[in-house]
Amino acid sequence: NWTDSSAIVSFAQANGVSEIFAYVAPGFTDPTYIPWGWSQPQLPLEESLAADAAAAGITVYAMGGDPSWVPNPTYGTGWANEALATGLFRGIHVELEPWALSSWGTDQSGTIDQYLAELAGIHAVAATYGVPDEISIPYWLSMFSTRTGVPLDVAAMRNADAATVVTFFNSVSQIESFGKAELRAARSVGIPLRFAAEANQDTPAWLSFYGDTLAQFDSAIRHVNRDMAGRPGYLGIAVEDYQGWSAMP
């Protein structure tokens, strides 16, 4: 949620951000629709962000996803078509979280099938527009497998052009340890991978850098990037999110 696109872009420039994943609500192209939690229609904000970012040489991806999309495949493909048809975005970034569904506990194999089918459908839409499709996955997704025994992180990555692994720890060593495991999985598929860091308050506290100063957070990010420099497929770090990061003292 934002109202000042120029402030976001200025912050991004000052902090070495090259891509912005901007939340896009389904139905956002309706000029009268105000998404839940927003104070005004979203389309003008997306337009101003895309313009300001382009002028600064920063790429904007449409970001979306919800567990409810998994059993309803037209939700995700419809969202991707709506976002990309505007021409505002240079790619899409999707996070679905099927493990949040009750069916994960009652029919996990079926839910996994639906999850992968949804990712494949969204990936196909991105391909028709000629833009990259990136997914977010948790570092522990490899604990689960498809019906044919393929680790679920690998199976999910096969339906994407890039991935972000949600390494939400406030420890450089843990971010690197869990991130490297997923980087190996991504390389086996042939796609690049980002690590991730959380800037907002979370529970337990070790999930986030909340409480650190901007200088301390920047030092941690630089440490990871320095350690990972030169490793094939490493894309850097995705930070969640602008509000938490910009509020650091």
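Okay, let's start in helix 5, where Gly110, Thr111, Ile112, Tyr115, Leu116, Glu118, Leu119, Ile122, Val125 and Ala126 are buried. By buried I mean under 20% relative accessible area, with exposed over 50% and partly exposed in between, using a 1.4 Å probe and protein chains only. Helices here are DSSP runs of H or I with at least four residues, strands are E runs of at least two, and both are numbered from the N terminus.

Quick housekeeping: this is a predicted model, so local features need pLDDT of at least 70 and side-chain atom pairs count only at pLDDT 80 or more, while totals for chains, interfaces and linings use all residues. Residues are numbered from 1 along each chain as its sequence is written, and side-chain values use heavy atoms, with hydrogens and water left out.

Back to helix 5. What covers its buried residues? The cover includes helix 3, strand 3, helix 4 (103-106), strand 4 (133-138) and helix 6 (152-157), where contact means heavy atoms within 4.5 Å. The 22 residues of this helix should span 32 Å at 1.5 Å a residue, and the end C-alpha atoms are indeed 32 Å apart. The expected span, by the way, is 1.5 Å times one less than the number of residues. After helix 5 comes glycine 130, with a positive phi near 70°.

Now the core. The largest nonpolar one has 73 residues, and Ile20, Ile92, Tyr115 and Leu152 have the most contacts inside it. Helix 5 gives the largest share, seven residues. A nonpolar core is a set of buried Ala, Val, Leu, Ile, Met, Phe, Trp, Tyr and Cys residues joined through side-chain atoms within 4.5 Å. Take isoleucine 92: leaving out residues up to four places away in sequence, its contacts include Trp79, Ala80 and Leu84, and also Ile122 and Ala126.

That brings us to helix 3, residues 73-85, where Gly76, Trp79, Ala80, Glu82, Ala83 and Leu84 are buried. Strand 2, strand 3 (92-94) and helix 5 are among the elements covering them. Glycine 87 follows helix 3, again with a positive phi, near 75°.

So what about the sheet? Seven strands form an open sheet in the order 1-2-3-4-5-6-7, with parallel pairing. Two strands pair if DSSP finds at least two bridges between them. At the edges sit strand 1 and strand 7 (234-240), each pairing on one side only. The twist averages 30° from one strand to the next, and angles run from 0 to 180 degrees between N-to-C directions of lines fitted to C-alpha atoms, for helices over the stretch in contact. Helix 3 packs on this sheet through strand 2 and strand 3, at about 155° to the direction of strand 3.

At one edge, strand 1 pairs with strand 2 over five bridges, and glutamate 19 has threonine 59 as its bridge partner in strand 2. Which face of strand 1 is covered? The one with Ile20 and Ala22, while Glu19, Phe21 and Tyr23 make up the uncovered face. At the other edge, strand 6 (193-198) and strand 7 also share five bridges, with alanine 196 partnered by alanine 238.

Last stop, helix 2. Leu43, Leu45, Glu46, Leu49, Ala50 and Ala53 are buried there. Looking down the axis, the buried residues fall within an arc of 160°, so they line one face of the helix; the arc is taken from the directions from the axis to the C-beta atoms. They pack against helix 1 (5-14), strand 1 and strand 2.
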